Amino acid sequence: MVSEFYRNIVIATDGSENNQRAVSYGIEIAKLSGATVHALYVVDTTSFSSIPMDAGWEAMYEALRREGEKAIYEVKKRGEVSGVEVREVLLEGHPSNEITDFAENNNADLIVVGTLGKTGLDRFLMGSVAEKVVRGSKVPVLVVRSEKQS
C-alpha cells in the first residue's frame, strides 16, 4: 500500500534502549504507507558552547558522532529488514531545533520521537526534546512513550 499521507517520515533517535519503541512505530508506519524514513540523530553541540576547544573536547565530540552514526545505522538495519528505505542523517546543534528544521525543510509528513531517552540529570538539565519538538514543529509529531515510564 502506498499512502499519499505519509511519504517522508523523520525518526529522531538518540540511540538509547528507551528510544527503540519509537523506532519500531516509525518503521511500521513507513512500511504500511510506503514512506521513506529519515533516521535523524543530532550531536548536541550546545553542551560544548562554553568549553574551550581542546583535545578533550574533540575526543568527546568524536565519541558523540560515533554514537550518532551507530544509532542511525541501527534504524537503517531495522528498516532494511522491513523493506523500508532509510536515509541516515547526522546533524549538529540543538536537538529539538535541528529536528523541527530538518522536518520542515525536507517535506516530512511526520516526526516520530520517543520519550524518556536520556534520563536523570541529562533530562533535567536539557528538558524534554520530545516536548520541545511538539511545541515547535509545524509538522505532525507522534510521541511514543517508552515502556519504562515511571
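S137 touches T100, E104 and I111, leaving aside residues up to four places away in sequence. The model is a predicted one, and this serine makes a handy way into it. S137 sits in the loop between α5 (129-136) and β5. With a relative accessibility of 15%, S137 counts as buried, because the cut-off for that label is under 20%. The side chain of S137 also has a polar partner within the backbone: one of its polar atoms lies 2.7 Å from the backbone oxygen of V139.

One of the residues touched by S137, I111, leads straight into the strands. I111 has V141 as its bridge partner in β5. That pair belongs to a parallel pairing of β4 with β5 (residues 141-144), made over 4 bridges. What about burial along β4 itself? Strand β4 covers residues 110-114, and 5 of the 5 are buried, so the strand is largely enclosed by the rest of the structure. Looking at the two directions in turn, L110, V112 and G114 point one way from β4, while I111 and V113 point the other way, and all are buried. So the I111 that meets S137 shares its side of β4 with V113.

β4 also pairs with β1, again in the parallel sense, this time over 3 bridges. Here V112 of β4 stands opposite I11. Taken with the β5 pairing, β4 thus has parallel pairings with both β1 and β5.

From β1 (residues 8-12), the picture carries on to β2, with the two strands pairing in the parallel sense over 5 bridges. Within this pairing, N8 stands opposite T36 in β2. Helix α1 (residues 20-33) comes into play here too: β1, α1 and β2 together make a β-α-β unit, and the unit is right-handed.

β2 (residues 36-44) gets much the treatment described for β4. In β2, 9 of the 9 residues are buried, so this strand is largely enclosed by the rest of the structure. Both of its faces are covered. On one side are T36, H38, L40, V42 and D44, on the other V37, A39, Y41 and V43, and every one of them is buried. T36, the residue opposite N8, is thus on the side that also holds H38 and D44.

β2 has a further parallel neighbour in β3 (residues 86-93), to which it is joined by 8 bridges. A39 of β2 has E88 as its bridge partner in β3; A39 itself is on the side of β2 with V37, Y41 and V43.

Key
Residues are numbered from 1 along each chain as its sequence is written. This is a predicted model: local features need pLDDT of at least 70, side-chain atom pairs count only at pLDDT 80 or more; totals for chains, interfaces and linings use all residues. Side-chain values use heavy atoms; hydrogens and water are left out. Buried means under 20% relative accessible area, exposed over 50%, partly exposed in between (1.4 Å probe, protein chains only). Two strands pair if DSSP finds at least two bridges between them. A crossover is right-handed if, with the strands pointing away from the viewer, the path from the first strand over the helix to the second runs clockwise. A polar contact is a pair of N or O atoms within 3.5 Å; within protein, one must be able to donate a hydrogen and the other to accept it, and residues adjacent in sequence count only if both atoms are side-chain atoms. Contact means heavy atoms within 4.5 Å.
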